[in-house]
Amino acid sequence: PAADAEHPGLITLWGSADGGESWTSTPLDCSAWIERMAEAERWEEHKQSVFNKSVAWAIPNHYQFVSPEVGFLVFYGHYEYGPADKRFADTSSVFVLLRTLDGGEIWQEMCFTDGKDIGNGTSLSFALFNSFAFLNENVGFLCAHGEGYGTEEQFNLLRTTDGGQTWQQLDLSGLAATLPGA
């Protein structure tokens, strides 16, 4: 997927049904999710006057298809504002997880979060997260860092069994003792 420079609320999804011989593009309108991010992040407060142009982008983070029909996409928002000679930027702490069951024609929101509600009270940082893996349309895993990233206790592995609507934090406390060389 790629952000669309002319239409910042759109992400262009590219797919191939013949092993990469040919490709088709499908636009995904993310503007409603970007508006929700703008509200959650209070981006409107950054507008200082009508002379300051602002734009909010949908930035794809990661995607995976587990079959030709079933796929997942994570994206976040990026907001630029200020006069042309002095631009400022703000990246959303909110991520959106979408799932398709029809090869990308229709995408359903599975999760809209800043990480606090899926981390069982632990604030999770998805700015560093770039990895999730789904085994099928329901079971998936997500890696994220908690508050105080940099200490070994702050790595989090979460599992979903309902396609990403809810997540359970897995207990990794005994894992280090079972790994060779740990």
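A residue is called buried when its relative accessible area is under 20%, and exposed when that area is over 50%. With this definition one may read helix 1 of the present structure, which is a predicted model. The buried residues of this helix are Trp-33, Ile-34 and Met-37. They lie on the same side of helix 1, because they cover an arc of only 100 degrees around its axis. A general rule helps to explain such a pattern: an α-helix has 3.6 residues a turn, so residues three or four places apart point the same way. The face of helix 1 turned away from the buried side carries Glu-35 and Glu-39, which are both exposed. Just after the helix, Arg-42 adopts a positive phi of about 60 degrees.

The discussion now turns to the interior. The largest nonpolar core contains 18 residues, and among those touching the most other members are Trp-33 and Met-37, together with Leu-28, Cys-30, Phe-75, Val-96 and Leu-98. At least two residues of this core come from each of strand 2 (10-15), helix 1 (31-41), strand 5 (71-81) and strand 6 (88-100). Strand 5 gives the largest share, four residues. A second core, separate from this one, has 13 residues, including Val-70, Tyr-76, Met-110 and Cys-111.

Cys-30 merits a closer look. When residues up to four places away in sequence are left aside, Cys-30 touches Gly-9, Ile-11, Ala-58 and Phe-75. Its relative accessible area is 0%, and Cys-30 is therefore buried. Cys-111 is buried as well, because its relative accessible area is 11%. How many disulfides does the model contain? A disulfide is a covalent bond between the sulfur atoms of two cysteines. For this model, the count is zero disulfides.

Charged residues provide the last part of the picture. Side chains of opposite charge can pair when their charged atoms come close. The model has one salt bridge. Which residues form it? The partners are Arg-36 and Glu-109, whose closest N and O atoms are 2.6 Å apart. This pair links distant parts of the chain, for Arg-36 belongs to helix 1 and Glu-109 to strand 7 (residues 108-113), 73 residues apart. Are these partners buried, exposed or partly exposed? Arg-36 has a relative accessibility of 36% and therefore counts as partly exposed. Glu-109 also counts as partly exposed, because its relative accessibility is 29%.

Technical notes: Residues numbered from 1 in each chain as written. Predicted model: local features only at pLDDT ≥ 70, side-chain atom pairs only at ≥ 80, totals over all residues. Heavy atoms only, no water. Core = buried A, V, L, I, M, F, W, Y, C linked by side-chain atoms within 4.5 Å. Buried < 20%, exposed > 50% of the residue type's maximum accessible area, 1.4 Å probe, protein only. Contact = heavy atoms within 4.5 Å. Arc of directions from axis to C-beta. Disulfide = S-S within 2.5 Å. Salt bridge = Lys/Arg side-chain N within 4 Å of Asp/Glu carboxyl O.
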